[in-house]
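Trainee: I am new to this structure and would like a close look at a single part. Could you take me slowly through one strand and its surroundings?

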Amino acid sequence: MLIHKNSNKQASLVTLFALMSLILISYVTATIQTSYAQTTRPLTLDVKAVLDKSVVVRGERQTIWLKVVDADTGAPVGGAIARATVTYFGGVTVRQFATTTDASGVAVISWTIERDTLPGSFSVTYGASAAAYVTEQFDASFQVVPRSVNGHDNNDNHHNHGHHD
């Protein structure tokens, strides 16, 4: 009978030890996850964009130049997805574009304004996204005119628009 009692005691001790081990492992895991969550913050992009022209004559090209860098380090973010959506003033989407940035963090989106496009104001929503980064998005606008105003070529070259500071 004494052997049976020790056997039950041993089984109880083993069970108690196993439960305490599980509790300790759970506590350590939760502490590590909480600590990791407190020290990890989202990575942010700094996106600078240049809309080539503020006034575009029908039949001419419009270009958006984007430069994408890590907001903290200033390092270029190659392989980021650069997107642009061009919308006519009534809210009708005219074009959508997506491309990737090169190793220096640069992407260029360019298109021809059709000759039969109705003159008016167009808006462009542009931005960039990359793995592990918060997506950045901004808006700009430009005018489409039927022909050159006063014979000038309307090329503003590098009319700066919004960027993330």
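Mentor: In β9, the residue that Gly120 has as its bridge partner is Val144. Gly120 belongs to strand β7 (residues 120-129), which pairs with strand β9 (residues 136-145) in the antiparallel sense over nine bridges. Here strands are DSSP runs of E with at least two residues, numbered from the N terminus, and two strands pair if DSSP finds at least two bridges between them. The model is a predicted one, in which local features need pLDDT of at least 70 and side-chain atom pairs count only at pLDDT 80 or more, while totals for chains, interfaces and linings use all residues. Residues are numbered from 1 along each chain as its sequence is written, and side-chain values use heavy atoms, with hydrogens and water left out.

Both strands sit in an open sheet of five strands, ordered β2-β9-β7-β4-β5, with mixed pairing. The edges of this sheet are β2 (55-57) and β5 (93-100), each of which pairs on one side only. On average, neighbouring strands of the sheet are turned by 25 degrees against each other, direction ignored, where the axes are lines fitted to C-alpha atoms and angles run from 0 to 180 degrees between N-to-C directions.

Strand β7 also contributes to the largest pocket, giving five residues, the largest share of its lining. A pocket is, on a 1 Å grid over the protein atoms alone, an open set of points where a 1.4 Å probe fits, with protein on both sides within 12 Å along at least five of seven lines, and lining residues have an atom within 4 Å of a point. The volume of the largest pocket, meaning the space filled by probe spheres set on the points, is about 150 Å³. Of its 14 lining residues, Arg83, Ala84, Tyr126, Gly127 and Gln137 lie nearest the centre. At least two lining residues come from each of β4 (81-88), β5, β7 and β9.

Tyr126 appears again in the largest nonpolar core, where Ile64, Leu66, Tyr126 and Phe142 touch the most other members among the 28 residues. Such a core is a set of buried Ala, Val, Leu, Ile, Met, Phe, Trp, Tyr and Cys residues joined through side-chain atoms within 4.5 Å, buried meaning under 20% relative accessible area with a 1.4 Å probe, protein chains only. The elements giving two or more residues to this core are β1 (43-51), β3 (61-70), β4, β6 (106-112), β7 and β9.

Methods. Helices (H or I, at least four residues) and strands (E, at least two) are DSSP runs, numbered from the N terminus. Buried means under 20% relative accessible area, exposed over 50%, partly exposed in between (1.4 Å probe, protein chains only).
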